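Got the viewer open? Load the model, switch on a cartoon with sticks ready to go, and follow along stop by stop.

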Amino acid sequence: QWTRVTNIGGSLVTAARQHRIYARWPVRGGRNGTIVRRPALAGPDRWAVDRDWAMGLLEAAATRSGSTRTRADPGSVLVRLLLVDGQDEAAWNAYLEFGADESTELALAERRAVGYPVDAIRILRAHVENLATTDRPRVFRRAALLAARLRDCYQRAGDESGWASYLEALVARHRRRLPFIAALDQRGLLPRDPPRRSPDHRTG
């Protein structure tokens, strides 16, 4: 039976317990086709070795399983573990190679939004479009929330004109989905018409 992979501080939820990764992708099938075995270490300071072992196992499983669709798929688990471990660039590269489920994508976008807003834009645009095209109006507020985060990313990237063009195209595509347009408006995302000046009745 697999031993849990644990963080030194105990805050990392293990892939084995939460995602059942070891039950779905058993011990056989390492990088060179050999048997992958967990190092037999003890004590609270074993996270460095456990981490490398877990990452190698997940990467091998992600390579075998193909595209990622759910939180339990190894690609998604690998990206989340890398994020928790503070390896943001490795998480991004793993995402580009294996993909990730929706919630993991959004967690990654949140992390990339500060230093690499263009990366976050790529993810958030896809999610906004996916939610906006659904037939479930109750998700439109969620789409508007993500659109607000998307606007912030455009601003961080210094691309105000890019945001304006994107928003104009978004509203044009979904102008018949009035609840979605209303949700964007409630978030303050729609441009406001300048106030009209009252006519000047003064006589010279």
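Start by selecting Arg-112: its relative accessibility is 3%, so this arginine counts as buried (under 20% relative accessible area, with exposed being over 50% and partly exposed in between, using a 1.4 Å probe on protein chains only). Arg-112 sits in helix 6; helices here are DSSP runs of H or I with at least four residues, strands are E runs of at least two, and both are numbered from the N terminus. Now show what touches Arg-112, skipping neighbours within four places in sequence: you should get Asp-88, Glu-89, Trp-92, Pro-117, Asp-119 and Ala-120, where contact means heavy atoms within 4.5 Å.

A word on what you're looking at. This is a predicted model, in which local features need pLDDT of at least 70 and side-chain atom pairs count only at pLDDT 80 or more, while totals for chains, interfaces and linings use all residues. Residues are numbered from 1 along each chain as its sequence is written, and side-chain values use heavy atoms, with hydrogens and water left out.

Next, colour by pLDDT, the predictor's confidence in each residue from 0 to 100. The chain's mean is 75, with 64% of residues at 70 or more. Select residues 1-45, where pLDDT stays under 50. Where pLDDT is low, the predicted coordinates should not be read in detail. Among the elements, helix 1 (residues 15-19) has the lowest mean, 38, and helix 8 (residues 140-156) has the highest, 97.

So jump to helix 8. Its 17 residues reach 24 Å from first C-alpha to last, close to the 24 Å expected at 1.5 Å a residue (that is 1.5 Å times one less than the number of residues). Its buried residues, including Phe-140, Leu-146 and Tyr-154, pack against helix 6, helix 7 (117-132), helix 9 (160-173) and helix 10 (178-186). Just past the helix, Gly-158 has a positive phi of about 70°.

Where does the lining of the largest pocket come from? Select Leu-106, Ala-109, Glu-110, Ala-113, Val-114, Leu-124, Arg-149, Asp-152, Cys-153 and Arg-156. Helix 6 (102-115) and helix 8 are the elements giving two or more residues, with helix 6 supplying the largest share, five. The volume is about 150 Å³.

Last stop: helix 4 (residues 74-84), which is largely enclosed by the rest of the structure, because ten of its eleven residues are buried. Arg-80 is one of those buried residues. Step on to Gly-86 after the helix and you'll find a positive phi, near 80°.

Terms used:
1 Å grid on protein atoms, 1.4 Å probe; cavity = no way out; pocket = protein on both sides within 12 Å on 5 of 7 lines; lining within 4 Å. Points joined across faces, edges and corners; volume = space filled by probe spheres on them.
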